[in-house]
Amino acid sequence: MTYSTKKEEAEKIASEINAELVLHLDVRDRLKIRQVFKEVANSCGAINVLVNNAGINRPADFDKQTDEEWDEVIDVDLSGVFRCCQEVLPYIVDNGRIINIGSLSGEYGGPRTPSYAVAKMGIMALTHNLARFLGERGICVNCLSPGVIANEFTEKTMAPDIKELVLFLSPLKRFAKVGEMVGAAIFLASDESSYLTAQTLSVNGGVWVR
Ligand SMILES: NC(=O)c1ccc[n+]([C@@H]2O[C@H](COP(=O)([O-])OP(=O)(O)OC[C@H]3O[C@@H](n4cnc5c(N)ncnc54)[C@H](O)[C@@H]3O)[C@@H](O)[C@H]2O)c1
């Protein structure tokens with residue numbers, strides 16, 4: 001399986017898996033989200049699963065994080081999830097699924113990423129809140145919280161000493177491959193997880209702060 005964040009490659013993958021629709025979406029733009037979800041629902045009949053995956057990081061020590069960086073990360077990583085969850089409500093089916101992508105950073109207030117850690121911890125609270133709101137419709141809302149994945153995102157945003165720290169804390173002594181998130185995502189999207197809601201599923205190779 002191939003993974004990419006590049007538009008052309010995303011379109012290539014979409015064609016490989018015969019995706020019906022490939023639409024561009026900026027999670028900062030509520031009207032665009034509304035338009036895209038409407039288009040998806042019109043085309044597919046309804047929406048069964050929403051995965052809130054968009055995320056950015058602007059690493060900085062707490063005393064160096066600027067207002068701009070703070071606002072940017074909260075806007076995309078937390079408010080973006082809030083907006084998408086609200087806008088999917090008219091279209092998501094009963095017994096549907098919402099999967100919010102969190103982060104190990106949000107579970108332990110990750111060092112050097114104050115805005116990111118707060119946004120991702122916020123996602124965990126939002127997940128609980130929304131799971132309660134949607135429970136009567138049988139819609140399960142969960143957070144999939146990856147540890148460190150060996151990809152470009154990590155290369156660009158993680159300091160070498162933090163990488164070493166995570167490796168030290170991991171019983172598996174390695175970072176995740178992107179594909180190692182897939183099983184958990186499929187499980188959370190499937191009927192096999194029909195009694196699992198308001199949870200954070202940590203796919204982090206056993207990393208925890210000791
Ligand atoms: N890479 C890791 O180690 C790691 C660890 C924990 C959590 N995560 C989370 O996993 C998710 C995916 O990250 P990734 O590692 O694949 O990195 P990535 O940079 O490849 O993916 C992030 C995606 O978010 C999209 N995005 C950014 N701003 C957006 C916006 N305003 N509107 C819509 N889309 C936007 C980007 O285009 C990109 O496709 C993110 O939420 C990230 O926080 C990643």
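In this predicted model, the largest nonpolar core holds 30 residues, and of these Ile-98 and Ile-123 touch the most other members. Two or more residues of this core come from each of α3 (67-88), β2 (92-101), α5, β3 (140-146) and α8 (182-189), and the greatest contribution is that of α5, with nine residues. Leaving aside residues up to four places away in sequence, Ile-123 is in touch with Leu-78, Val-81, Asn-100, Gly-102, Gly-106 and Cys-143. Apart from the largest core lies another one, made up of six residues, including Leu-104, Val-148, Val-166 and Phe-175.

From helix α3, Cys-85 offers a further view of the interior. Cys-85 counts as buried because 21 other C-beta atoms lie within 10 Å, the threshold for that class being 20 or more. Its contacts, when residues up to four places away in sequence are not counted, are Ile-98 and Leu-130, and Ile-98 is one of the two residues that touch the most other members of the largest core. Cys-85 and Val-51 are 34 residues apart along the chain, yet their C-alpha atoms are separated by 9.5 Å.

The core is best read together with the sheet. Four strands form an open sheet with parallel pairing, and their order is β1-β2-β3-β4. The edges are taken by β1 (47-52) and β4, each of which has a single partner strand, so one side of each is left without a neighbour in the sheet. From one strand to the next, the twist averages 20°. Within the sheet, β2 and β3 are joined in the parallel sense over five bridges, and Ile-101 has Leu-144, in β3, as its bridge partner. Helix α5 packs on this sheet, where it touches β2, β3 and β4, and its direction makes about 165° with that of β3. Helix α8 also packs on the sheet, touching β1, β2, β3 and β4, with a direction that makes about 155° with that of β2.

Not every position in α5 is nonpolar, and Lys-120 deserves a separate look. Lys-120 has its place in helix α5 (residues 114-134). Is Lys-120 buried or exposed? Lys-120 is buried, because 29 other C-beta atoms are found within 10 Å, where 20 or more suffice. Beyond residues up to four places away in sequence, Lys-120 touches Asp-77, Gly-102, Ser-103, Ser-105 and Gly-106. Two of these, Gly-102 and Gly-106, are also touched by Ile-123. Between Lys-120 and Leu-104 the C-alpha to C-alpha separation is 8.4 Å, with their positions 16 residues apart in sequence numbering, and Leu-104 is among the members of the six-residue core.

Some positions outside the strands and helices, or following a helix, carry a backbone feature of their own. Arg-112 has a positive phi of about 65° although it is not a glycine, and its place is in the loop between α4 (104-108) and α5. With 19 other C-beta atoms within 10 Å, Arg-112 is classed as partly exposed, because burial requires 20 or more. Ala-198 likewise has a positive phi, near 65°, in a residue other than glycine, and lies in the loop between α8 and β4 (200-203). Ala-198 too counts as partly exposed, with 17 C-beta neighbours inside 10 Å. A positive phi, near 55°, is found as well at Asn-18, which follows α1. Helix α1 itself (residues 7-16) is hardly covered, since the count of buried residues among its 10 residues is zero.

The overall dimensions complete the picture. The protein has eight helices and four strands, and along the sequence these follow the pattern α-α-β-α-β-α-α-β-α-α-α-β. Its radius of gyration is 17 Å, which agrees with the value near 17 Å that a compact globule of 210 residues would have. Taken along the principal axes, the C-alpha atoms fill a box of roughly 50 × 35 × 35 Å. Buried residues account for 30% of the 210 residues, and of the contacts between residues at least 6 apart in sequence, 72% join residues at least 24 apart.

Methods
Residues numbered from 1 in each chain as written. Predicted model: local features only at pLDDT ≥ 70, side-chain atom pairs only at ≥ 80, totals over all residues. Buried ≥ 20, exposed ≤ 12 C-beta atoms within 10 Å, placed from the backbone. Contact = placed C-beta atoms within 7 Å. Rg over C-alpha atoms; globule rule 2.2 N^0.38 Å. Core = buried A, V, L, I, M, F, W, Y, C linked by C-beta atoms within 7 Å. Pairing = 2+ DSSP bridges. Axes fitted to C-alpha atoms, helices over the stretch in contact; angles between N-to-C directions.
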